[in-house]
Amino acid sequence: MTARVMVIDDSMLVRRQVSAALKTPGYLVTEAVDGVDALEKLAGLSDTKLIVCDVNMPRMNGIELLEKLSAQGSAVPVVMLTTEGQPELIQRARSLGAKGWIVKPFKPEFLVATAAKLAPLGA
Amino acid sequence: MDQHLMDVAIELFAAYDVPIAQCAAPSEEGLGRETYCMSSIGYVGNGVKGVLILAATRAAAEAWTSAAGGMECDLVDTVGEFSNMLLGRLKGRLLKAGIPISLATPLTVIGDGLRLSVAPGASSWQFFEGPGWHLGTRLDPAFEAGFQREATAAAPAEAGDAILF
């Protein structure tokens with residue numbers, strides 16, 4: 001049994017890197033270009049088990065998306081994948097329910113291990 | 001700040017197994033007619049603001065795209081993302097130095113022989129070379145009168161760090 005992951009990043013390159021890493025072990029991946037796009041797609045994808053999300057994006061950034069998801073009572077775990085490492089931002093994300101923070105460039109094996117922990121295949 | 005920029009540029013490309021070395025301007029015009037992609041990201045802090053510029057030749061953009069696992073059609077996106085990662089690393093360094101900044105998102109343009117018009121007295125280009133290609137980058141910080149470094153708080157997460165809550 002597989003699990004769906006939503007990858008949210010305004011960079012096509014990063015979306016491709018993350019998608020390739022997660023598709024290898026068998027995850028289904030849906031891509032979104034920013035928080036607005038993600039919310040629209042999440043509304044129609046109730047089987048999403050994990051969100052991997054950038055912070056700095058146009059229209060709606062990753063922190064704003066976390067606020068929206070928190071307000072909606074979403075239970076989908078979110079891992080932030082970003083160039084940002086500022087402690088205040090990390091704490092803000094954590095307080096909004098994020099489950100992890102990875103600073104780019106990322107190691108594919110760690111991303112896959114993180115996905116396996118938060119959204120195990122076959123669960 | 002230019003020294004920090006040079007350091008993080010070398011670190012970033014090393015992370016992708018793309019070694020670069022600082023070099024003199026490749027021509028009187030810098031990258032000159034070879035400039036193919038140029039990405040800019042604004043930043044702002046308490047008493048400081050500016051724009052990071054990353055300029056690349058086509059060969060450079062192709063080399064980075066290949067190193068990052070991208071395809072030919074991703075050249076512009078790659079240069080934008082590398083500028084984003086460059087400024088992201090620099091942000092961590094500046095935070096440690098008591099200069100916290102916030103970042104905008106990248107704006108990248110593509111074309112032949114791109115040129116940048118900058119005000120006199122702004123910072124200078126830092127040029128680097130890789131195998132058969134060049135890149136140029138600059139920060140152009142503008143400090144307000146009375147600017148002061150802030151007390152450094154907790155250390156920022158570094159590139160490659162992964163934290164599970």
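What share of the 165 residues in chain B is buried? Buried residues, meaning those under 20% relative accessible area (exposed is over 50%, partly exposed in between, with a 1.4 Å probe and protein chains only), make up 46% of the 165 residues in chain B.

## Basis of the model

This is a predicted model, in which local features need pLDDT of at least 70 and side-chain atom pairs count only at pLDDT 80 or more, whereas totals for chains, interfaces and linings use all residues. Residues are numbered from 1 along each chain as its sequence is written, chains are lettered from A and ligands numbered from 1 in the order in which they are written, and side-chain values use heavy atoms, with hydrogens and water left out.

## Chain A

Chain A holds five helices and five strands, where helices (H or I, at least four residues) and strands (E, at least two) are DSSP runs numbered from the N terminus. Along the sequence of chain A these elements follow the pattern β-α-β-α-β-α-β-α-β-α.

The radius of gyration of chain A is 13 Å, which agrees with the value near 14 Å for a compact globule of 123 residues; the radius is taken over C-alpha atoms, and the globule rule is 2.2 Å times the number of residues to the power 0.38. Taken along the principal axes, the C-alpha atoms of chain A fill a box of roughly 35 × 30 × 25 Å, and 56% of the 123 residues in chain A are buried. Of the contacts in chain A with a separation of 6 or more (contact means heavy atoms within 4.5 Å), 65% are between residues 24 or more positions apart.

## Chain B

Chain B has three helices and nine strands, arranged along the sequence as α-β-β-β-α-α-β-β-β-β-β-β. Its radius of gyration of 16 Å is close to the 15 Å that the globule rule gives for 165 residues, so chain B is as compact as a globular protein of that length. The box filled by the C-alpha atoms of chain B, taken along the principal axes, is roughly 45 × 45 × 25 Å, and 72% of the contacts in chain B between residues at least 6 apart in sequence join residues at least 24 apart.

Thr35(B) is placed in strand E2 (residues 35-45) of chain B and is buried, with a relative accessible area of 4%. Leaving aside residues up to four places away in sequence, Thr35(B) touches Ala55(B) and Ala56(B) as well as Gly111(B), Asp112(B), Gly113(B) and Leu114(B).

## Helix contact between the chains

Helix H1 (residues 12-23) of chain A and helix H3 (residues 75-96) of chain B have axes that come within 8 Å and cross at roughly 90°. These axes are lines fitted to C-alpha atoms over the stretch in contact, and angles run from 0 to 180 degrees between N-to-C directions. H1(A) and H3(B) are therefore roughly perpendicular to each other, a class that covers 65 to 115 degrees, while angles under 35 count as roughly parallel, over 145 as roughly antiparallel and the rest as oblique.

In this contact, Met12(A), Leu13(A) and Val14(A) of H1(A) meet Asp77(B), Thr78(B) and Glu81(B) of H3(B). The residues of the contact divide into three nonpolar, one polar and two charged, with Ala, Val, Leu, Ile, Met, Phe, Trp, Tyr, Cys and Pro counted as nonpolar, Asp, Glu, Lys and Arg as charged, and the others, Gly among them, as polar.

## Salt bridges within and between chains

Side chains of opposite charge can pair when their charged atoms come close. Over all chains the count comes to 15 salt bridges, each being a side-chain nitrogen of Lys or Arg within 4 Å of a carboxyl oxygen of Asp or Glu. One of them crosses between chains, from Lys104(A), in the loop between strand E5 (100-103) and helix H5 (108-118) of chain A, to Glu81(B) in helix H3 of chain B, with the closest N and O atoms 3.2 Å apart. Both Lys104(A) and Glu81(B) are buried, and these two residues are linked with Asp9(A) and Asp54(A) in a network of salt bridges.

Within chain A, the side chains of Arg15(A) and Glu31(A) meet in a salt bridge (3.1 Å, N to O). Arg15(A) lies in helix H1 and Glu31(A) in strand E2 (residues 28-32) of chain A, so the pair ties together parts that are 16 residues apart in sequence. Arg15(A) counts as buried at 11% relative accessibility, whereas Glu31(A), at 29%, counts as partly exposed.

Within chain B, Glu11(B) and Arg89(B) form a salt bridge through their side chains (3.5 Å, N to O). Because Glu11(B) lies in helix H1 (residues 2-15) and Arg89(B) in helix H3 of chain B, the pair ties together parts that are 78 residues apart in sequence. Glu11(B) is partly exposed, with a relative accessible area of 34%, and Arg89(B) is buried, with a relative accessible area of 16%.
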